[in-house]
Amino acid sequence: MSVAVEQTERRHRWLDAPGLVALVLGLVGIGYRLVLMLLTVPGGNSDEATFGLAAAHIATGREWPIFLYGQHYMGVVESYLAAPLFAAFEPSWVLLRLPLIFLYAAFVYLMYRLTRRLYSPWLATLTVGLFALGSERVIRDQLTAVGGRPEVKPAVALLLLIALALGERRIVRRRWLAFGVFGLVTGLCVWDDWLILPYLAVAAIVLLIGNARELLGWAGLLLIAGFVLGVLPLILDNVYAPPGQDSLSVLSQVSAGEGGDTSTLDQLHGSVLVGIPLATGICLPTACTGWQMAWGALYPLLLLVAAVLAVLCLRRPAPVEPTAGHRGDSAAGRTPLARRLRYVTQLALLAGAALTLAGYARSSLAATAPLASARYLSILQLSLPAVLWPLWLAAGWVRRGRRRARVAGVLASGVLAVLAATMLYTTIDLIREVPTIRAEEGRSRELATVLRRAGITRVYGDYWTCNRLIFNSRERVICAVLGDSLRPGQDRYPAYPRQVHAADRPAFVFGRLEPADQAFRDLLRERGIGARTTEFAEYRIYQPDVTVRPGR
(Lines give C-alpha, C1' and ligand atoms only; values in the text may rest on other atoms or scores of the structure.)
Protein backbone atom coordinates (compact mmCIF):
# COMPACT_ATOMS: atom_id res chain seq x y z
CA MET A 1 0.00 0.00 0.00
CA SER A 2 2.79 2.43 0.88
CA VAL A 3 4.45 1.77 -2.48
CA ALA A 4 1.20 2.54 -4.30
CA VAL A 5 0.77 5.78 -2.35
CA GLU A 6 4.34 6.81 -3.09
CA GLN A 7 3.90 6.16 -6.83
CA THR A 8 0.66 8.15 -6.82
CA GLU A 9 2.40 11.07 -5.09
CA ARG A 10 5.21 10.91 -7.62
CA ARG A 11 2.79 11.05 -10.56
CA HIS A 12 1.01 14.11 -9.18
CA ARG A 13 4.06 15.92 -7.83
CA TRP A 14 4.65 17.81 -11.07
CA LEU A 15 1.02 18.97 -11.19
CA ASP A 16 1.33 21.22 -8.14
CA ALA A 17 1.47 25.02 -8.28
CA PRO A 18 5.25 25.33 -8.91
CA GLY A 19 5.02 22.69 -11.63
CA LEU A 20 2.11 24.37 -13.40
CA VAL A 21 3.72 27.80 -13.30
CA ALA A 22 6.99 26.31 -14.56
CA LEU A 23 5.11 24.62 -17.40
CA VAL A 24 3.58 27.92 -18.50
CA LEU A 25 6.91 29.74 -18.30
CA GLY A 26 8.65 26.94 -20.16
CA LEU A 27 6.08 27.09 -22.98
CA VAL A 28 6.56 30.87 -23.18
CA GLY A 29 10.31 30.37 -23.52
CA ILE A 30 9.85 27.75 -26.23
CA GLY A 31 7.34 29.93 -28.09
CA TYR A 32 9.66 32.94 -27.94
CA ARG A 33 12.50 30.92 -29.43
CA LEU A 34 10.28 29.29 -32.01
CA VAL A 35 9.23 32.69 -33.36
CA LEU A 36 12.85 33.85 -33.46
CA MET A 37 13.86 30.65 -35.26
CA LEU A 38 11.18 31.17 -37.92
CA LEU A 39 12.43 34.74 -38.40
CA THR A 40 16.08 33.57 -38.57
CA VAL A 41 17.02 35.64 -35.55
CA PRO A 42 19.90 35.86 -34.79
CA GLY A 43 21.07 36.09 -38.39
CA GLY A 44 23.18 33.35 -39.90
CA ASN A 45 26.94 33.49 -40.35
CA SER A 46 29.65 31.45 -42.05
CA ASP A 47 30.47 29.39 -38.96
CA GLU A 48 26.88 28.21 -38.70
CA ALA A 49 26.66 27.79 -42.46
CA THR A 50 29.56 25.34 -42.25
CA PHE A 51 27.51 23.15 -39.92
CA GLY A 52 24.63 23.47 -42.37
CA LEU A 53 26.80 22.46 -45.31
CA ALA A 54 28.07 19.48 -43.34
CA ALA A 55 24.45 18.49 -42.63
CA ALA A 56 23.63 18.75 -46.35
CA HIS A 57 26.60 16.57 -47.22
CA ILE A 58 25.59 13.99 -44.59
CA ALA A 59 22.01 14.00 -45.88
CA THR A 60 23.17 13.14 -49.39
CA GLY A 61 25.86 10.70 -48.28
CA ARG A 62 28.70 12.81 -49.71
CA GLU A 63 30.58 13.17 -46.44
CA TRP A 64 30.53 11.69 -42.92
CA PRO A 65 32.55 14.26 -40.98
CA ILE A 66 33.71 13.60 -37.43
CA PHE A 67 34.74 17.18 -36.73
CA LEU A 68 33.71 20.48 -38.21
CA TYR A 69 35.37 21.07 -41.56
CA GLY A 70 38.79 22.62 -41.05
CA GLN A 71 39.04 21.56 -37.38
CA HIS A 72 39.99 18.51 -35.34
CA TYR A 73 38.32 19.31 -32.03
CA MET A 74 34.70 20.39 -32.58
CA GLY A 75 32.15 17.61 -33.09
CA VAL A 76 29.28 17.97 -35.54
CA VAL A 77 26.40 16.51 -33.54
CA GLU A 78 24.21 19.41 -34.65
CA SER A 79 24.89 18.58 -38.31
CA TYR A 80 23.88 14.97 -37.78
CA LEU A 81 20.69 16.08 -36.00
CA ALA A 82 19.73 18.33 -38.93
CA ALA A 83 20.74 15.86 -41.66
CA PRO A 84 17.45 13.85 -41.63
CA LEU A 85 15.49 17.09 -42.03
CA PHE A 86 17.73 18.13 -44.91
CA ALA A 87 17.17 14.73 -46.53
CA ALA A 88 13.40 15.18 -46.35
CA PHE A 89 13.18 18.90 -47.18
CA GLU A 90 15.26 21.58 -48.84
CA PRO A 91 18.09 22.75 -46.54
CA SER A 92 17.38 26.02 -44.74
CA TRP A 93 18.36 27.95 -41.64
CA VAL A 94 15.04 27.05 -40.02
CA LEU A 95 15.58 23.31 -40.45
CA LEU A 96 19.19 23.62 -39.29
CA ARG A 97 18.01 25.24 -36.07
CA LEU A 98 14.87 23.21 -35.47
CA PRO A 99 16.64 20.46 -33.45
CA LEU A 100 18.03 23.17 -31.18
CA ILE A 101 14.51 24.09 -30.07
CA PHE A 102 14.04 20.53 -28.80
CA LEU A 103 17.44 20.64 -27.10
CA TYR A 104 16.44 23.86 -25.34
CA ALA A 105 13.14 22.31 -24.22
CA ALA A 106 14.97 19.25 -22.92
CA PHE A 107 17.47 21.46 -21.07
CA VAL A 108 14.73 23.49 -19.34
CA TYR A 109 12.79 20.37 -18.34
CA LEU A 110 15.86 18.55 -17.01
CA MET A 111 17.06 21.63 -15.12
CA TYR A 112 13.61 21.98 -13.54
CA ARG A 113 13.78 18.37 -12.38
CA LEU A 114 17.34 18.77 -11.13
CA THR A 115 16.72 22.07 -9.34
CA ARG A 116 13.57 20.75 -7.71
CA ARG A 117 15.41 17.69 -6.46
CA LEU A 118 18.45 19.59 -5.18
CA TYR A 119 16.86 22.78 -3.87
CA SER A 120 13.16 23.67 -3.89
CA PRO A 121 10.12 23.60 -6.19
CA TRP A 122 9.71 27.37 -6.41
CA LEU A 123 13.41 27.96 -7.07
CA ALA A 124 13.05 25.47 -9.90
CA THR A 125 10.13 27.55 -11.20
CA LEU A 126 12.18 30.76 -10.97
CA THR A 127 15.01 29.07 -12.85
CA VAL A 128 12.64 28.08 -15.66
CA GLY A 129 11.35 31.67 -15.77
CA LEU A 130 14.85 33.09 -16.12
CA PHE A 131 15.66 30.50 -18.78
CA ALA A 132 12.56 31.60 -20.70
CA LEU A 133 14.10 35.04 -21.17
CA GLY A 134 16.97 35.51 -23.57
CA SER A 135 19.29 38.32 -24.60
CA GLU A 136 21.03 38.34 -27.98
CA ARG A 137 24.05 36.58 -26.52
CA VAL A 138 21.97 33.91 -24.78
CA ILE A 139 19.72 33.28 -27.78
CA ARG A 140 22.71 33.08 -30.11
CA ASP A 141 24.22 30.39 -27.92
CA GLN A 142 20.94 28.47 -27.79
CA LEU A 143 19.56 28.84 -31.31
CA THR A 144 22.55 28.90 -33.66
CA ALA A 145 24.24 25.70 -34.79
CA VAL A 146 27.82 26.61 -33.97
CA GLY A 147 28.78 23.50 -32.06
CA GLY A 148 28.56 22.04 -28.58
CA ARG A 149 26.71 24.40 -26.34
CA PRO A 150 23.04 23.65 -27.16
CA GLU A 151 23.44 19.88 -26.75
CA VAL A 152 26.01 19.45 -23.97
CA LYS A 153 23.99 21.41 -21.40
CA PRO A 154 20.95 19.10 -21.40
CA ALA A 155 23.38 16.18 -21.55
CA VAL A 156 25.06 17.21 -18.29
CA ALA A 157 21.71 17.82 -16.57
CA LEU A 158 20.69 14.30 -17.62
CA LEU A 159 23.96 12.85 -16.31
CA LEU A 160 23.47 14.45 -12.91
CA LEU A 161 19.90 13.19 -12.67
CA ILE A 162 21.05 9.67 -13.58
CA ALA A 163 23.84 9.83 -10.99
CA LEU A 164 21.37 11.00 -8.33
CA ALA A 165 18.79 8.33 -9.15
CA LEU A 166 21.38 5.55 -9.06
CA GLY A 167 23.10 6.84 -5.93
CA GLU A 168 19.88 7.38 -3.99
CA ARG A 169 18.84 3.80 -4.78
CA ARG A 170 15.53 4.99 -6.11
CA ILE A 171 13.51 2.71 -8.38
CA VAL A 172 15.46 2.36 -11.63
CA ARG A 173 14.07 -0.56 -13.60
CA ARG A 174 17.23 -1.23 -15.59
CA ARG A 175 20.18 0.00 -13.59
CA TRP A 176 22.63 -1.63 -15.97
CA LEU A 177 21.15 0.40 -18.84
CA ALA A 178 21.41 3.62 -16.80
CA PHE A 179 25.16 3.06 -16.29
CA GLY A 180 25.60 2.38 -19.99
CA VAL A 181 23.65 5.52 -20.94
CA PHE A 182 25.76 7.58 -18.54
CA GLY A 183 28.93 6.37 -20.24
CA LEU A 184 27.51 6.85 -23.75
CA VAL A 185 26.34 10.42 -23.14
CA THR A 186 29.65 11.30 -21.49
CA GLY A 187 31.59 9.94 -24.47
CA LEU A 188 29.43 11.84 -26.94
CA CYS A 189 30.05 15.06 -25.00
CA VAL A 190 33.82 14.48 -25.02
CA TRP A 191 33.70 14.06 -28.79
CA ASP A 192 31.40 17.02 -29.28
CA ASP A 193 32.82 19.85 -27.14
CA TRP A 194 35.73 19.81 -24.70
CA LEU A 195 34.50 22.97 -22.97
CA ILE A 196 32.12 20.77 -21.00
CA LEU A 197 34.91 18.63 -19.50
CA PRO A 198 34.74 20.29 -16.02
CA TYR A 199 31.06 19.45 -15.69
CA LEU A 200 31.59 15.93 -17.01
CA ALA A 201 34.29 15.41 -14.39
CA VAL A 202 32.10 16.51 -11.47
CA ALA A 203 29.14 14.46 -12.76
CA ALA A 204 31.41 11.41 -12.83
CA ILE A 205 32.46 12.12 -9.24
CA VAL A 206 28.81 12.21 -8.14
CA LEU A 207 28.24 8.85 -9.82
CA LEU A 208 31.36 7.40 -8.20
CA ILE A 209 30.48 8.60 -4.70
CA GLY A 210 26.97 7.17 -4.88
CA ASN A 211 27.85 3.89 -6.59
CA ALA A 212 31.48 3.10 -5.79
CA ARG A 213 31.02 -0.59 -5.02
CA GLU A 214 28.67 -1.23 -7.92
CA LEU A 215 31.13 0.34 -10.36
CA LEU A 216 33.69 -2.35 -9.47
CA GLY A 217 31.52 -4.92 -11.25
CA TRP A 218 29.41 -5.11 -14.38
CA ALA A 219 28.17 -1.56 -13.92
CA GLY A 220 31.71 -0.23 -14.36
CA LEU A 221 32.25 -2.33 -17.48
CA LEU A 222 29.00 -1.10 -18.99
CA LEU A 223 29.95 2.46 -18.13
CA ILE A 224 33.31 2.10 -19.89
CA ALA A 225 31.74 0.36 -22.89
CA GLY A 226 29.20 3.15 -23.29
CA PHE A 227 31.90 5.81 -22.98
CA VAL A 228 34.10 4.15 -25.62
CA LEU A 229 31.14 3.89 -27.98
CA GLY A 230 30.29 7.56 -27.53
CA VAL A 231 33.85 8.80 -27.96
CA LEU A 232 34.63 6.36 -30.80
CA PRO A 233 34.45 9.01 -33.58
CA LEU A 234 37.15 11.04 -31.81
CA ILE A 235 39.30 7.95 -31.28
CA LEU A 236 39.06 6.91 -34.92
CA ASP A 237 39.92 10.38 -36.19
CA ASN A 238 42.96 10.61 -33.95
CA VAL A 239 44.20 7.15 -34.95
CA TYR A 240 44.33 8.14 -38.62
CA ALA A 241 45.15 11.83 -38.19
CA PRO A 242 48.50 12.97 -39.70
CA PRO A 243 51.23 14.03 -37.23
CA GLY A 244 50.31 17.29 -35.56
CA GLN A 245 46.65 17.04 -36.68
CA ASP A 246 45.34 15.03 -33.75
CA SER A 247 42.90 16.75 -31.39
CA LEU A 248 45.38 17.39 -28.58
CA SER A 249 47.98 18.88 -30.93
CA VAL A 250 45.45 21.10 -32.67
CA LEU A 251 44.00 22.35 -29.39
CA SER A 252 47.50 23.09 -28.13
CA GLN A 253 48.20 25.08 -31.29
CA VAL A 254 44.94 26.99 -30.95
CA SER A 255 45.66 27.81 -27.31
CA ALA A 256 49.19 28.88 -28.09
CA GLY A 257 47.95 30.96 -31.00
CA GLU A 258 45.71 33.06 -28.78
CA GLY A 259 48.84 34.72 -27.42
CA GLY A 260 49.04 38.43 -26.82
CA ASP A 261 50.40 40.45 -23.95
CA THR A 262 47.61 40.53 -21.43
CA SER A 263 47.71 41.05 -17.69
CA THR A 264 46.01 38.91 -15.09
CA LEU A 265 43.91 41.91 -14.09
CA ASP A 266 42.67 42.37 -17.66
CA GLN A 267 41.82 38.68 -17.93
CA LEU A 268 39.88 38.75 -14.66
CA HIS A 269 38.06 41.89 -15.76
CA GLY A 270 37.07 40.33 -19.07
CA SER A 271 36.06 36.98 -17.65
CA VAL A 272 34.32 38.00 -14.41
CA LEU A 273 33.00 41.52 -14.95
CA VAL A 274 32.12 41.12 -18.65
CA GLY A 275 31.99 37.42 -19.46
CA ILE A 276 29.65 36.34 -16.65
CA PRO A 277 27.03 39.10 -17.19
CA LEU A 278 27.06 38.52 -20.94
CA ALA A 279 26.78 34.75 -20.69
CA THR A 280 23.90 34.98 -18.21
CA GLY A 281 21.94 37.51 -20.27
CA ILE A 282 22.50 40.60 -18.14
CA CYS A 283 24.31 42.72 -20.75
CA LEU A 284 23.49 43.98 -24.20
CA PRO A 285 25.68 42.46 -26.93
CA THR A 286 27.71 45.64 -27.39
CA ALA A 287 28.77 46.44 -23.83
CA CYS A 288 28.28 45.90 -20.11
CA THR A 289 27.60 48.91 -17.91
CA GLY A 290 28.98 49.34 -14.40
CA TRP A 291 25.89 48.14 -12.55
CA GLN A 292 25.61 45.12 -14.88
CA MET A 293 29.21 44.26 -14.09
CA ALA A 294 28.23 44.16 -10.43
CA TRP A 295 26.51 40.84 -11.12
CA GLY A 296 29.83 39.50 -12.39
CA ALA A 297 31.52 40.59 -9.17
CA LEU A 298 28.72 39.08 -7.05
CA TYR A 299 28.76 35.76 -8.90
CA PRO A 300 32.03 34.34 -7.42
CA LEU A 301 30.89 35.42 -3.95
CA LEU A 302 27.62 33.56 -4.38
CA LEU A 303 29.58 30.52 -5.55
CA LEU A 304 31.59 30.62 -2.35
CA VAL A 305 28.57 31.12 -0.08
CA ALA A 306 26.66 28.31 -1.79
CA ALA A 307 29.68 26.02 -1.37
CA VAL A 308 29.87 26.83 2.36
CA LEU A 309 26.16 26.06 2.77
CA ALA A 310 26.55 22.72 0.99
CA VAL A 311 29.57 21.78 3.12
CA LEU A 312 27.68 22.68 6.31
CA CYS A 313 24.79 20.51 5.18
CA LEU A 314 27.17 17.62 4.55
CA ARG A 315 28.46 17.87 8.11
CA ARG A 316 25.02 17.99 9.72
CA PRO A 317 22.47 15.18 9.88
CA ALA A 318 19.56 17.49 9.05
CA PRO A 319 19.05 20.20 6.37
CA VAL A 320 19.89 23.78 7.33
CA GLU A 321 17.12 25.44 5.33
CA PRO A 322 15.51 28.10 7.51
CA THR A 323 11.91 27.48 6.47
CA ALA A 324 9.90 24.53 5.29
CA GLY A 325 8.75 26.55 2.32
CA HIS A 326 12.22 26.32 0.82
CA ARG A 327 12.62 22.57 1.09
CA GLY A 328 12.80 20.35 -1.94
CA ASP A 329 10.36 17.50 -2.43
CA SER A 330 12.85 14.85 -3.51
CA ALA A 331 14.02 11.67 -1.90
CA ALA A 332 17.17 13.52 -0.91
CA GLY A 333 15.85 14.07 2.61
CA ARG A 334 14.72 10.51 3.28
CA THR A 335 17.99 8.64 3.88
CA PRO A 336 21.41 9.80 5.09
CA LEU A 337 23.09 8.58 1.89
CA ALA A 338 20.56 10.35 -0.34
CA ARG A 339 20.88 13.56 1.68
CA ARG A 340 24.67 13.53 1.42
CA LEU A 341 24.52 12.86 -2.31
CA ARG A 342 22.18 15.82 -2.69
CA TYR A 343 24.76 18.19 -1.23
CA VAL A 344 27.60 16.51 -3.12
CA THR A 345 25.69 17.26 -6.33
CA GLN A 346 25.24 20.87 -5.26
CA LEU A 347 29.00 21.09 -4.77
CA ALA A 348 29.48 19.48 -8.18
CA LEU A 349 27.47 22.24 -9.88
CA LEU A 350 29.50 24.88 -8.04
CA ALA A 351 32.80 23.19 -8.87
CA GLY A 352 31.84 22.90 -12.53
CA ALA A 353 31.15 26.64 -12.68
CA ALA A 354 34.36 27.51 -10.83
CA LEU A 355 36.53 25.31 -13.05
CA THR A 356 34.90 26.64 -16.23
CA LEU A 357 35.36 30.23 -15.11
CA ALA A 358 38.98 29.61 -14.06
CA GLY A 359 39.79 27.98 -17.40
CA TYR A 360 38.31 30.88 -19.34
CA ALA A 361 40.03 33.47 -17.15
CA ARG A 362 43.42 31.93 -18.06
CA SER A 363 42.80 32.63 -21.74
CA SER A 364 44.05 35.85 -23.29
CA LEU A 365 40.74 36.07 -25.17
CA ALA A 366 39.09 37.03 -21.90
CA ALA A 367 41.14 40.23 -22.01
CA THR A 368 41.41 40.91 -25.76
CA ALA A 369 37.90 39.94 -26.93
CA PRO A 370 35.56 39.52 -23.94
CA LEU A 371 32.40 40.45 -25.85
CA ALA A 372 33.00 37.89 -28.58
CA SER A 373 34.47 35.10 -26.45
CA ALA A 374 31.89 35.21 -23.65
CA ARG A 375 30.14 32.39 -25.52
CA TYR A 376 32.62 30.04 -23.85
CA LEU A 377 30.84 30.72 -20.55
CA SER A 378 27.34 29.90 -21.77
CA ILE A 379 27.52 26.51 -20.03
CA LEU A 380 27.43 28.39 -16.70
CA GLN A 381 23.64 28.22 -17.12
CA LEU A 382 23.94 24.73 -15.64
CA SER A 383 24.96 26.26 -12.32
CA LEU A 384 22.43 29.12 -12.21
CA PRO A 385 20.17 27.53 -9.55
CA ALA A 386 23.22 26.70 -7.40
CA VAL A 387 24.34 30.34 -7.59
CA LEU A 388 20.85 31.66 -6.84
CA TRP A 389 20.35 29.34 -3.84
CA PRO A 390 21.94 31.68 -1.22
CA LEU A 391 19.81 34.57 -2.49
CA TRP A 392 16.71 32.37 -2.47
CA LEU A 393 17.32 31.30 1.12
CA ALA A 394 17.98 34.87 2.25
CA ALA A 395 14.84 36.09 0.47
CA GLY A 396 12.84 33.83 2.78
CA TRP A 397 14.00 35.86 5.79
CA VAL A 398 11.60 38.68 4.84
CA ARG A 399 8.98 36.99 7.01
CA ARG A 400 11.27 36.61 10.02
CA GLY A 401 10.81 38.73 13.10
CA ARG A 402 14.38 39.93 13.47
CA ARG A 403 15.09 43.24 11.83
CA ARG A 404 18.48 42.26 10.43
CA ALA A 405 17.03 39.13 8.90
CA ARG A 406 14.22 41.12 7.28
CA VAL A 407 16.69 43.66 5.88
CA ALA A 408 18.84 40.85 4.44
CA GLY A 409 15.72 39.26 3.00
CA VAL A 410 14.67 42.49 1.33
CA LEU A 411 18.14 42.96 -0.16
CA ALA A 412 18.24 39.41 -1.49
CA SER A 413 14.75 39.75 -2.93
CA GLY A 414 15.83 43.00 -4.55
CA VAL A 415 18.83 41.34 -6.19
CA LEU A 416 16.63 38.59 -7.59
CA ALA A 417 14.11 41.14 -8.84
CA VAL A 418 16.80 43.28 -10.50
CA LEU A 419 18.32 40.18 -12.07
CA ALA A 420 14.99 39.14 -13.57
CA ALA A 421 14.16 42.70 -14.67
CA THR A 422 17.52 43.12 -16.37
CA MET A 423 17.14 39.84 -18.22
CA LEU A 424 13.71 41.00 -19.34
CA TYR A 425 15.21 44.30 -20.52
CA THR A 426 17.88 42.59 -22.63
CA THR A 427 15.20 40.29 -24.03
CA ILE A 428 13.10 43.28 -25.08
CA ASP A 429 16.19 44.86 -26.62
CA LEU A 430 16.64 41.81 -28.86
CA ILE A 431 12.99 41.96 -29.89
CA ARG A 432 13.47 45.60 -30.86
CA GLU A 433 16.43 44.64 -33.03
CA VAL A 434 14.51 41.98 -34.96
CA PRO A 435 13.70 44.25 -37.96
CA THR A 436 17.37 45.26 -38.30
CA ILE A 437 18.54 41.65 -38.05
CA ARG A 438 15.91 40.52 -40.53
CA ALA A 439 16.95 43.21 -43.00
CA GLU A 440 20.62 42.19 -42.85
CA GLU A 441 19.69 38.52 -43.21
CA GLY A 442 17.51 39.37 -46.21
CA ARG A 443 20.37 41.21 -47.91
CA SER A 444 22.64 38.23 -47.40
CA ARG A 445 20.14 35.89 -49.03
CA GLU A 446 19.45 38.35 -51.84
CA LEU A 447 23.18 38.45 -52.61
CA ALA A 448 23.02 34.79 -53.59
CA THR A 449 20.04 35.54 -55.84
CA VAL A 450 21.80 38.51 -57.47
CA LEU A 451 24.87 36.42 -58.27
CA ARG A 452 22.84 33.56 -59.71
CA ARG A 453 20.78 35.90 -61.90
CA ALA A 454 24.02 37.36 -63.23
CA GLY A 455 25.24 33.87 -64.11
CA ILE A 456 28.02 34.02 -61.50
CA THR A 457 28.71 30.65 -59.86
CA ARG A 458 32.36 30.95 -58.77
CA VAL A 459 33.54 33.83 -56.60
CA TYR A 460 36.21 34.92 -54.14
CA GLY A 461 35.19 36.67 -50.94
CA ASP A 462 35.98 37.15 -47.26
CA TYR A 463 35.37 34.44 -44.66
CA TRP A 464 32.13 35.88 -43.27
CA THR A 465 30.66 36.05 -46.78
CA CYS A 466 31.78 32.77 -48.34
CA ASN A 467 30.19 29.81 -46.54
CA ARG A 468 27.09 31.82 -45.76
CA LEU A 469 26.78 32.54 -49.48
CA ILE A 470 27.34 28.89 -50.38
CA PHE A 471 24.67 27.75 -47.93
CA ASN A 472 22.16 30.41 -49.00
CA SER A 473 22.62 29.40 -52.65
CA ARG A 474 22.38 25.65 -51.85
CA GLU A 475 25.91 25.27 -53.25
CA ARG A 476 24.94 26.75 -56.60
CA VAL A 477 27.43 29.55 -55.93
CA ILE A 478 30.85 28.38 -54.70
CA CYS A 479 33.16 30.75 -52.86
CA ALA A 480 36.86 30.70 -51.93
CA VAL A 481 38.08 32.74 -48.97
CA LEU A 482 40.54 35.62 -49.23
CA GLY A 483 42.07 37.58 -46.37
CA ASP A 484 42.36 41.35 -46.10
CA SER A 485 45.59 41.27 -48.14
CA LEU A 486 44.01 38.99 -50.77
CA ARG A 487 46.03 35.99 -49.64
CA PRO A 488 44.16 32.66 -49.31
CA GLY A 489 42.05 32.66 -46.16
CA GLN A 490 40.33 30.05 -43.98
CA ASP A 491 38.69 27.67 -46.40
CA ARG A 492 37.11 24.98 -44.22
CA TYR A 493 36.10 22.65 -47.07
CA PRO A 494 38.98 22.16 -49.57
CA ALA A 495 36.71 21.23 -52.48
CA TYR A 496 35.30 24.77 -52.64
CA PRO A 497 38.55 26.70 -53.29
CA ARG A 498 39.64 24.05 -55.80
CA GLN A 499 36.50 24.68 -57.84
CA VAL A 500 36.99 28.45 -57.74
CA HIS A 501 40.69 28.24 -58.63
CA ALA A 502 39.83 26.07 -61.64
CA ALA A 503 37.10 28.42 -62.89
CA ASP A 504 37.55 30.83 -65.79
CA ARG A 505 37.20 34.47 -64.74
CA PRO A 506 35.73 33.99 -61.24
CA ALA A 507 34.07 37.02 -59.70
CA PHE A 508 34.97 38.81 -56.46
CA VAL A 509 32.57 39.88 -53.70
CA PHE A 510 33.61 42.20 -50.89
CA GLY A 511 32.01 44.52 -48.39
CA ARG A 512 32.39 48.09 -49.63
CA LEU A 513 34.08 49.29 -46.45
CA GLU A 514 36.27 46.22 -45.93
CA PRO A 515 40.09 46.28 -46.34
CA ALA A 516 39.91 43.48 -48.93
CA ASP A 517 37.74 45.66 -51.16
CA GLN A 518 40.30 48.44 -51.24
CA ALA A 519 43.11 45.95 -51.72
CA PHE A 520 41.37 44.46 -54.74
CA ARG A 521 40.72 47.87 -56.29
CA ASP A 522 44.43 48.63 -55.87
CA LEU A 523 45.28 45.29 -57.49
CA LEU A 524 43.12 46.03 -60.52
CA ARG A 525 44.67 49.46 -60.88
CA GLU A 526 48.25 48.16 -60.57
CA ARG A 527 47.70 45.44 -63.17
CA GLY A 528 45.64 47.66 -65.48
CA ILE A 529 42.72 45.24 -65.46
CA GLY A 530 39.21 46.39 -66.23
CA ALA A 531 36.23 44.96 -64.35
CA ARG A 532 32.49 45.25 -64.43
CA THR A 533 31.42 46.46 -60.98
CA THR A 534 27.98 45.98 -59.44
CA GLU A 535 26.96 47.37 -56.08
CA PHE A 536 24.30 45.67 -54.03
CA ALA A 537 23.47 46.75 -50.49
CA GLU A 538 26.80 46.81 -48.60
CA TYR A 539 28.45 44.50 -51.15
CA ARG A 540 30.52 45.26 -54.23
CA ILE A 541 30.69 42.60 -56.97
CA TYR A 542 33.61 42.59 -59.43
CA GLN A 543 33.68 40.72 -62.74
CA PRO A 544 37.20 41.23 -64.14
CA ASP A 545 37.75 41.26 -67.92
CA VAL A 546 40.44 38.57 -67.53
CA THR A 547 41.06 35.77 -65.05
CA VAL A 548 42.58 37.16 -61.86
CA ARG A 549 44.38 34.87 -59.42
CA PRO A 550 45.05 36.87 -56.25
CA GLY A 551 47.82 35.87 -53.90
CA ARG A 552 49.75 33.99 -56.58
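**Entry 1: Overview**

I began with the secondary structure and counted 23 helices and five strands in the protein. I note at the outset that this is a predicted model.

I then looked up the overall dimensions. The C-alpha atoms fill a box of roughly 85 × 55 × 45 Å along the principal axes. For 552 residues, a compact globule would have a radius of gyration near 24 Å, and the 26 Å of the protein agrees with this.

I asked what percentage of the residues is buried. Buried residues make up 52% of the 552. I also looked at contacts between residues at least 6 apart in sequence, and found that 73% of them join residues at least 24 apart.

**Entry 2: Surface and charge**

The protein exposes about 24,600 Å², and I recorded that carbon and sulfur atoms supply 63% of that area. For the charged side chains I noted 56 positive and 39 negative ones. The centres of these two sets lie 11 Å apart.

**Entry 3: The nonpolar cores**

I looked up the largest nonpolar core, which has 85 residues. Ile196, Trp295 and Leu388 have the most contacts inside this core. Helix H8, residues 149–167, contributes the largest share of the core, with 11 residues.

I chose Leu388 for a separate look and listed its contacts, leaving out residues up to four places away in sequence. Leu388 touches Leu123, Leu126, Leu130, Trp295, Leu416 and Leu419. I then found a second, separate core of 54 residues, which includes Ala145, Ile456, Cys466 and Val509.

**Entry 4: Helix H13 and what follows**

Helix H13 spans residues 264–279. I listed its buried residues as Gln267, Gly270, Ser271, Val272, Val274, Gly275, Ile276, Pro277, Leu278 and Ala279. Against which helices do the buried residues of H13 pack? I found H7 (136–143), H14 (290–315), H15 (336–361), H16 (365–368) and H17 (370–373).

Just after H13, I noted that Gly281 takes a positive phi of about 85 degrees. Gly281 appeared again when I looked up Thr426, a residue of helix H19 (residues 403–432). Not counting residues up to four places away in sequence, Thr426 touches Ser135, Gly281, Ile282, Cys283 and Leu284.

Is Thr426 buried or exposed? Its relative accessible area is 1%, and therefore I entered Thr426 as buried, the cut-off being under 20%. I also recorded the distance from Thr426 to Arg458, 32 residues apart along the chain: their C-alpha atoms are separated by 41 Å.

**Entry 5: Arg452 and the loop after H21**

Arg452 lies in helix H20, residues 434–453. With a relative accessible area of 45%, Arg452 is partly exposed. I listed its contacts, again without residues up to four places away in sequence, and found Ser473, Arg476 and Val477. The C-alpha atoms of Arg452 and Val477 are separated by 7.2 Å, and the two residues are 25 apart along the chain.

I next examined Arg474, which lies in the loop between helix H21 (463–472) and strand E2 (478–481). Arg474 is not a glycine, although its phi is positive, at about 55 degrees. Its relative accessible area of 29% makes Arg474 partly exposed.

**Entry 6: Helix H22**

H21 and E2 came up again when I turned to helix H22, residues 495–502. The buried residues I found in H22 are Ala495, Tyr496, Pro497 and Val500. Their cover includes H3, strand E1 (458–461), H21 and E2.

**Entry 7: Two further backbone features**

Where is Ala537 found? I located Ala537 in the loop between strand E4 (531–536) and strand E5 (539–544). Phi of Ala537 is near 50 degrees, a positive value in a residue other than glycine. Ala537 counts as partly exposed, at 31% relative accessibility.

Lastly, I looked up the peptide bond from Val41 to Pro42 and recorded it as cis, with omega near -5 degrees. Pro42 has its place in the loop between helix H2 (17–38) and helix H3 (46–60).

Definitions and conventions: Residues numbered from 1 in each chain as written. Predicted model: local features only at pLDDT ≥ 70, side-chain atom pairs only at ≥ 80, totals over all residues. Heavy atoms only, no water. Core = buried A, V, L, I, M, F, W, Y, C linked by side-chain atoms within 4.5 Å. Buried < 20%, exposed > 50% of the residue type's maximum accessible area, 1.4 Å probe, protein only. Helix = DSSP H or I, 4+ residues; strand = E, 2+ residues; numbered from the N terminus. Contact = heavy atoms within 4.5 Å. Rg over C-alpha atoms; globule rule 2.2 N^0.38 Å. Areas by Shrake-Rupley, 256 points an atom, 1.4 Å probe, with all protein chains shown as cover. Lys, Arg positive; Asp, Glu negative; His and termini not counted. Charge placed at Lys NZ, Arg CZ, Asp CG, Glu CD.
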